[in-house]
Amino acid sequence: MTKYCPRCGTPNPDDALFCAKCGYQFPQSTTTPSPTPIQPAPQSLPPQPMPPITQQPTPYYPLPPYPQGPSSLDKFTNYNRKYLSLIAGIFTGLEILLFAIFFMLFFISPFTFPRGAGPYSGVFGTLVGASAIYLIIAIFVLIIGIKRSFSGSFSFVLGILAFLYFLLIAVALFIIPHTSFVSEGVELIIGSVFLLIAVIMGRSQPQTSTVYYQPTPYTPYPVQTSTLPVSGIIAYVFGIVAAVLTYIGLGGATSISSLNGVPLALTGVFYFGTSLGIVAGIIAPIGLMIGLFMSKSKFGKSIRDIILAVALLIFGVGQMIVGGNILSNGLPNTSGLPGIIAGAVDTAYVGGILDLIAGIFVLLVSIFLIVEDTMAITREVRTTYYPPPPSSPAGGMPPST
């Protein structure tokens, strides 16, 4: 806008204070701006009561006891499993290896005679083959004793070798001239076949079934797949029958005292000691089968291990009997004996020494294992187990029961 000077009439901007031409001072406006109204302070609302909070109480789950250091029993158990079992396994493998060499040399010796083995050539040849298989078994046992582990492949190979060993012993009983050991041979053949079935069933896949459990608030649809150990049970049953039949068959074979001047079978005390090993072979699958039935029990593993330790103890006693019997006869007198027979006798004597030492360590290991597993059962009885805290579902606390 433009305003005019009242003195000279010159136009000037509306906001000019003086006239641009004559310097006239324009009068100022006396209007004052209206004050800004003051807003009243807002009144605060009275405090409102909080609604009650409903919360599911958290269940109390006691913490496990504070872990303590290993006790003296735990240290001794570790020493037993780490050192004593290694010594027992090595000596056991070595003494079986020496006895296998003894049998092989002993059954080869008739072929070194001037007249040879005569009509018993087939018998001794078959027994040499059985001794060779026994030698291979001894090597596997030594490896197991050093590694202190027994895989499924090892058990399968040992089972096949034992099947062949008993089969050859049965063939030798069938072809002995002028004698009749048919019943003992049949028992050994049936026992070896049962052993083969047990080995094959032990390698087969277990049958499975689905077991549904009662739902709980925290797991509304629980499903658990369990294994029915049908094949394992059949394998252990056949193994037990095989051990019994071979025990009876070998018992009949010990009635042979000598053939052609060469002892063919173990003496009575040898058979007694060896029979304890076979008894251990009967007890062991019983313990494994009980372990299958009690796999869901917190005592199942300990009870199974105790039975296996008892079988190991019986086997150790058999070792001590055989070794003690050999040493009780004193140092062997091999003067005048053919070299191969003298070597066999000396090998048997050294094997008897190792057998006695191995039996002592096996006995100690088995006793300590029994004590360990018994203490484990005692701890299980005294221990109170609490259920683990349930996981909260998505969106909040676990539902109330």
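This briefing looks at a nonpolar surface patch and at two buried residues. The model is predicted, so local features need pLDDT of at least 70 and side-chain atom pairs count only at pLDDT 80 or more, while totals for chains, interfaces and linings use all residues. Residues are numbered from 1 along each chain as its sequence is written, and side-chain values use heavy atoms, with hydrogens and water left out.

**The nonpolar patch**
- Val-171, Phe-174, Ile-175, Val-182, Val-186 and Ile-190 form a nonpolar patch on the surface, with about 420 Å² of accessible area together (Shrake-Rupley method, 1.4 Å probe, only the protein chains shown count as cover for residues).
- A patch takes residues with over 30% relative accessible area and no salt bridge (a side-chain nitrogen of Lys or Arg within 4 Å of a carboxyl oxygen of Asp or Glu), joining nonpolar side chains (Val, Leu, Ile, Met, Phe, Trp, Tyr) within 5 Å and like charges within 9 Å.
- Helix 3 (152–174) and helix 4 (182–203) each supply at least two patch residues, and helix 4 gives the largest share, three residues.
- Helices are DSSP runs (H or I, at least four residues), numbered from the N terminus.
- Val-182, in helix 4, is partly exposed at 44% relative accessible area (buried is under 20%, exposed over 50%, partly exposed in between; 1.4 Å probe, protein chains only).

**Two buried residues**
- Leu-369 sits in helix 8 (residues 339–382) and is buried, at 16%.
- Not counting residues up to four places away in sequence, Leu-369 touches Asn-80, Arg-81, Ala-309 and Leu-312 (contact: heavy atoms within 4.5 Å).
- Leu-369 and Arg-81 are 288 residues apart in sequence, yet 8.6 Å apart C-alpha to C-alpha.
- Ser-131, in helix 2 (residues 121–147), is buried at 4%.
- Beyond its neighbours within four places in sequence, Ser-131 contacts Ala-100, Phe-103, Met-104 and Phe-107.
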